[in-house]
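Trainee: I would like to learn how to read a protein model. Could we go through one together, question by question?

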Amino acid sequence: MNTSMKEYINLTTKIIRSVANFSVANKIINDQDIFGEMVGEVMSADYNWDGRGNIYGYRKQRIIWAILKYLNKKSAILL
C-alpha cells in the first residue's frame with residue numbers, strides 16, 4: 001500500500017469525525033501535536049495490520065483507542 005501523507009491526514013480527519021463528538025473531534029484536529037499522534041496511529045495500523053478483517057475497521061479501532069487514551073490522560077490532569 002502506497003499512501004501519501006495528505007491521504008493519511010484526510011483519512012484520519014474522516015475517522016475522527018466519525019467516532020468522536022463534534023467538540024472532541026475539533027479539539028483533536030485543531031491541536032497539531034494530538035492530531036499528529038492520531039495520524040501516527042493510522043500509519044501504525046497500516047504497518048501492523050495482519051490482513052484479517054477490514055483495514056479501515058482496524059484503522060478506526062486504533063483511532064478509538066487513541067482518543068480514549070487522550071481523554072483519559074486529559075481527565076487525569078484535571079483531577
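Mentor: Here is a walk through confidence, helices, buried residues, salt bridges and a surface patch.

Trainee: What kind of model is this, and what is its average pLDDT?

Mentor: This is a predicted model, in which local features need pLDDT of at least 70 and side-chain atom pairs count only at pLDDT 80 or more, while totals for chains, interfaces and linings use all residues. Residues are numbered from 1 along each chain as its sequence is written, and side-chain values use heavy atoms, leaving out hydrogens and water. The score called pLDDT is the predictor's confidence in each residue, from 0 to 100. Here 96% of the residues score at least 70, and the chain average is 93.

Trainee: Which helix has the highest confidence?

Mentor: Helices are DSSP runs (H or I, at least four residues), numbered from the N terminus, and strands are such runs of E with at least two residues. Confidence is lowest in α4, at a mean of 91. The highest mean is 97, and it belongs to helix α1 (residues 5–19).

Trainee: Which residues of helix α2 are buried?

Mentor: Let us fix the word first: buried means under 20% relative accessible area, exposed means over 50%, and partly exposed is in between (1.4 Å probe, protein chains only). Helix α2 covers residues 22–30. Its buried residues are Val24, Ala25, Asn26, Ile28 and Ile29.

Trainee: At the start of α2, which backbone nitrogen does a side-chain oxygen of Asn21 reach?

Mentor: Look at the start of α2, where Asn21 offers a side-chain oxygen. That oxygen comes to within 3.1 Å of its partner, the backbone nitrogen of Ser23.

Trainee: Is Ile63 buried or exposed?

Mentor: Find Ile63 in helix α4. Its relative accessible area is 0%, so Ile63 is buried.

Trainee: Which residues does Ile63 touch?

Mentor: Contact means heavy atoms within 4.5 Å. The C-alpha atoms of Ile63 and Ile16 are 7.0 Å apart, although 47 residues separate the two along the chain. Not counting residues up to four places away in sequence, Ile63 touches Thr12, Ile15, Ile16, Val19, Met38, Glu41 and Val42.

Trainee: Ile15 is in that list. What separates the C-alpha atoms of Ile15 and Ile63?

Mentor: Ile15 sits in helix α1, and with a relative accessible area of 0% it is buried. Leaving aside neighbours within four places in sequence, Ile15 is in contact with Val42, Tyr56, Arg59, Lys60 and Ile63. Ile15 and Ile63 are 48 residues apart along the chain, and their C-alpha atoms are separated by 7.3 Å.

Trainee: How many salt bridges are there?

Mentor: Side chains of opposite charge can pair when their charged atoms come close. A salt bridge is a side-chain nitrogen of Lys or Arg within 4 Å of a carboxyl oxygen of Asp or Glu. By this rule the count is 3.

Trainee: Which residue forms a salt bridge with Glu41?

Mentor: In this pair, the closest N and O atoms are 3.0 Å apart. The pair links distant parts of the chain, from helix α3 (residues 32–48) to helix α4, 21 residues apart. Glu41 counts as partly exposed at 24% relative accessibility, whereas its partner is buried at 13%. That partner is Arg62.

Trainee: How far apart are the closest N and O atoms of Arg59 and Asp46?

Mentor: Arg59 and Asp46 form a salt bridge. Arg59 lies in helix α4 and Asp46 in helix α3, so the pair ties together parts that are 13 residues apart in sequence. Both residues are buried. Their closest N and O atoms are 2.7 Å apart.

Trainee: Which residue meets Asp50 in a salt bridge?

Mentor: Asp50 is partly exposed, with a relative accessible area of 49%. The N to O distance in the pair is 2.7 Å. The partner's side chain belongs to Arg52, which counts as exposed at 66% relative accessibility.

Trainee: Which residues make the nonpolar surface patch?

Mentor: Patches are made of residues with over 30% relative accessible area and no salt bridge; like charges are joined within 9 Å and nonpolar side chains (Val, Leu, Ile, Met, Phe, Trp, Tyr) within 5 Å. Accessible areas come from the Shrake-Rupley method with a 1.4 Å probe, and for residues only the protein chains shown count as cover. Met5, in helix α1, is partly exposed at 46%. The patch covers about 240 Å² and is made by Met5, Ile9 and Met43.

Note on methods
A polar contact is a pair of N or O atoms within 3.5 Å; within protein, one must be able to donate a hydrogen and the other to accept it, and residues adjacent in sequence count only if both atoms are side-chain atoms.
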